[in-house]
Each structure stands twice: as C-alpha cells, then as structure tokens.
Amino acid sequence: MPASPSTARALNDRLALRLLQQEGPLTAGQLKQLTGLSRPTVADLVDRLTAAGLITVVGESGEQRRGPNARLYGIVAGRAHLAALDVRTEGVLVLVSDLLGRVLAEASAPIGGDTGTGSAVEQAVAAVERAVKEGGADRLHTVGIGAPGLIDPATGDLRDSAGLPAWHRSLVAALQDRLPGARVTVENETNLAALAEQREGAARDRDTFVLLWLGHGVGAAVVLDGTLRRGASGGTGEIGFLPVPGTSTLPSATDCGGGFHSLTGAAAVVSLAAEYGLPAPGAAPGSAPRPVEAPLDGPAGAPGAAVRGAADEPEAARVVRGAVARASAADERFLHALADRIAVGAASVAAVLDPGCVVLGGEVGRAGGAVLAGLVGERLRRMSPLPTEVRASGLGGTAVLRGALLTARERAQDELFGPPER
C-alpha cells in the first residue's frame, strides 16, 4: 500500500536528517540531489524541520551564482545533550556530547574497592554532573552506560553478579533520580566495544565478526549480519565459562575457574609471564598503582583519551605491552604461549559461529596489538579449516565510551528525528 501523506513526510524528514548527520551541512539543492525528491518537497521539509528546531541555517555555499549564495542547513547540535559512561570496577569515566556526538566535556571518578555503595554512587553521579556543567548543558536527553556483567534482555537492567561492585547496579537508579527527564540505558561493556569497532574501528568493513575481550576477565561480543546478538538470557559471549583443555578443573554455574578465564584472564596472564621469567612491571610493593598514560589507550585528542588515563589497567596488560616492546627471546616465548591460549577460545568461537573475523580488545588485547593478533591468527589458521582473520582493536581504550556514546546518540536521534506524537 502507498504511504499516507503524513507517513511520507516523516520518512522524507528522517532521510534528510540522516543525510545532514552523515554529510554535514547541505544546501536545499544538495538535499534534492541526494534524496531524489522534488524541489517543492525539499522546500517543504526544510521549512518543517526548521520550524521544529531540528535544523537551522549555518552558512552559505561557496558556489558563485546569480543572486545570493545558497543557504547551508545543518542539524541543531545543541537540541539535545548526551552522556556516555564507562563503568569500571575501579571507577567511572564520563563524556558529555551534543546531538551530533561532538565531545563537550570529560570527567573521571576513581573509586576504591573499599568504598561503600552510597559513597561510590555519589562520586560517580558527581562526575556526571561535573561534566554536564563543564559541557554547558542544561540537561541530558539520553545517557548510555557501559558496564561489566550481564544485562537482562527483558528489563534492560544490570544483573547482580558475583565479583562486581554493588554500586554498579545502584548507579543506574541514582542517575535516573538525579537527572530528571533523561533516558538512561545500560549495556554490557564488551557489546558496546564491538559496536564501536563496527562503526569506527577495526571491523568497519565487516558485518559479521566477534570481539574477544581480554582484560581483568574475558568475554566476547557477537555481531552477525550487522546485528549485535545478546542471546536468550543476555549471556551471549560469556566465554570465560567455556570448558577448555589446559586447566585443572571444569567451570561451574557460579565460577568460571577452570574455564577459558583460567587460561587468559589477567591473573593467568601474569602467572604465565612469571613462568617465562619476565620482569614484573609497575611500582614497588605497597605503593600506589601506576596510572595508564593516555597516549597508550588512544590517539592524542581522541574522545576519552584524557579520562581513560585516570584508570588503572591490569598488570597483565603492562606485562604484555612490555613483552611486545622489548621483544627478547623470553618475551617472544611468552607471547607465543599466550597466543596458544587465546587461540583455543578463538577456535571454539570460529567453529560455532564462523565469523570470518576476530578482533582482540580489552586491556590485554590492546596491549598485544598487531603482534599478538598476528600470532593468534597464525595458530587459528592451523587449528581451524574456517578462514578467520584476527585483528587488533582499532580504538584503544576509548572503545566502550565510544560505543556508549554512539548508542546514546542513536536513541536520542530516533526520538527526535521521528514523527511528532499526535
């Protein structure tokens, strides 16, 4: 059936807004050319979107023509403000942006392991409020949160998980209470990192791939045919529980010890390095942990690079980064042994999903970079008949924040760019 006039207008408006988002400011003539719509239809939608406060004149085209230059229209970036949070076991990182995703402010709040739930939540919320104020935002439209743990697919709530701070679950409710009118959503950190890699990072040319997260813990995010897959209970990618050879026991429903986590989790990586006689990095015993330098986690000036420097990475990542940098005989033996372990999990994923591409993310995956990815890829080619490329993360330590920001931006635009409620 043909679309009704109101539906056709809504579709045309949404198409024009998406083009302005992707291409930047455009003239009415350029919108006509890109949309294929008639000149009167484009003029009508420009008037309608301007009246709705979604677009405005941002300048003039540089083309020389008879009469005045054509006006350039752009999205009103300040129509809505967004926040993205990367919630870690040791603190929270925050970005505030406009509707186009341009970062306006960043903040961080380190939170010690012995901090009570109420105090931890207050510190995290204060960091958000500080970033909102510094970004010049009156209020937030949408907040996207990335956190470790399982997300209930029915409710969207962060599940209570053993080993994770209690303040994580309380933070969402506190933000909803302290940020009236804001839409607050939470997603697993690995899933958000995968979305960011798909849009802006190592998997831009892939609609099917798996992100293997290697950090304090291990996990995976699965993207099939361009869609993130969460599973019936939200647990797709919980490969820390994957039974694998080389461990002394089997995992249980409540403990991933004996699973893939026992081979590639942070503690296992540090133990493996010690077996090969690698020097332990970091500060002397009893001193404060060494903060990560921002340039190690992302390019200078990249969104999230400044705040990411406030968080501490696991010792395992520093061990791996040191091994890659030194490249001594002992370092190479260690990296080969670590690649053997990672390849066990990657081969299992490849055998079931045939993703064609595995991206190594998380702190340990980023520390290993292209060197570790190459070693894992070599082993995977020997272990599996299915061609599977292994790549290093393209976003460094900003992946979770970028994924949270992309998700928040899309949800805000879906609401603001949609047809008006009647």
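**Exercise 1. The open sheet**

In this predicted model, find the order in which the strands of the open sheet lie, and state which strands stand at its edges.

Solution.
Step 1. The open sheet is made of 3 strands, and their order is S1-S3-S2. The pairing is antiparallel.
Step 2. Strands of a sheet can pair in a parallel or an antiparallel way, in both cases through backbone hydrogen bonds.
Step 3. Strand S1 (26-27) and strand S2 (55-60) each have a single partner strand, so they stand at the edges, and one side of each has no neighbour in the sheet.
Step 4. Between S1 and strand S3 (residues 71-75) there are 2 bridges, in the antiparallel sense. In one pair, leucine 26 has tyrosine 73 in S3 as its bridge partner.
Step 5. Helix H1 (residues 5-23) lies across S1, S2 and S3 and runs at about 95° to S3.

**Exercise 2. A hairpin**

Describe how strand S5 and strand S6 are joined, and find the glycine with positive phi in the turn.

Solution.
Step 1. Strand S5 (residues 91-98) and strand S6 (residues 103-110) run antiparallel and are joined by 7 bridges.
Step 2. Glycine 91 is placed opposite proline 110 in S6.
Step 3. The two strands form a hairpin, with 4 residues between S5 and S6. In the turn, glycine 101 has a positive phi of about 90°.

**Exercise 3. Two helices that cross**

Classify the crossing of helix H4 and helix H5 by angle and by hand, then sort the residues of the contact by character.

Solution.
Step 1. The axes of helix H4 (residues 117-134) and helix H5 (residues 167-178) come within 9 Å, crossing at roughly 50°.
Step 2. At this angle H4 is therefore oblique to H5.
Step 3. The crossing in which H4 passes H5 is right-handed.
Step 4. On the H4 side the contact includes Thr117, Ala120 and Val121, and on the H5 side Trp167, Ser170 and Leu171 are among the residues met.
Step 5. By character, the residues of this contact divide into 9 nonpolar, 2 polar and 3 charged.

**Exercise 4. Buried or exposed?**

Decide whether glutamate 363 is buried or exposed, and list its contacts.

Solution.
Step 1. Glutamate 363 belongs to helix H13 (residues 362-383).
Step 2. Its relative accessible area is 5%; the cut-off for buried is under 20%. Glutamate 363 is therefore buried.
Step 3. Leaving out residues up to four places away in sequence, glutamate 363 touches Arg88, Trp213, Leu214, Gly215, His216, Glu313, Pro314 and Ala317.
Step 4. Over the protein chain, 50% of the 422 residues count as buried.

**Exercise 5. Far apart in sequence**

Find which residues arginine 18 contacts beyond its neighbours within four places in sequence.

Solution.
Step 1. Arginine 18 is in helix H1.
Step 2. With those neighbours left aside, the contacts of arginine 18 are Gln413, Asp414 and Phe417.
Step 3. Arginine 18 and phenylalanine 417 are 399 residues apart along the chain, while their C-alpha atoms are separated by 8.7 Å.

**Exercise 6. Positive phi outside glycine**

Locate alanine 327 and aspartate 354, and give phi for each.

Solution.
Step 1. Alanine 327 is in the loop between helix H11 (315-326) and helix H12 (329-353). Its phi is near 55°, a positive value in a residue other than glycine.
Step 2. Aspartate 354 is in the loop between H12 and strand S12 (357-361), and its phi is near 50°.
Step 3. Alanine 327 is partly exposed, with a relative accessible area of 40%. Aspartate 354 is also partly exposed, at 42%.

Definitions and conventions. Residues numbered from 1 in each chain as written. Predicted model: local features only at pLDDT ≥ 70, side-chain atom pairs only at ≥ 80, totals over all residues. Heavy atoms only, no water. Axes fitted to C-alpha atoms, helices over the stretch in contact; angles between N-to-C directions. Parallel < 35°, antiparallel > 145°, perpendicular 65-115°, else oblique. Left-handed = near helix turned anticlockwise from the far one by under 90°. Contact = heavy atoms within 4.5 Å. Nonpolar A, V, L, I, M, F, W, Y, C, P; charged D, E, K, R; others polar. Pairing = 2+ DSSP bridges. Buried < 20%, exposed > 50% of the residue type's maximum accessible area, 1.4 Å probe, protein only.
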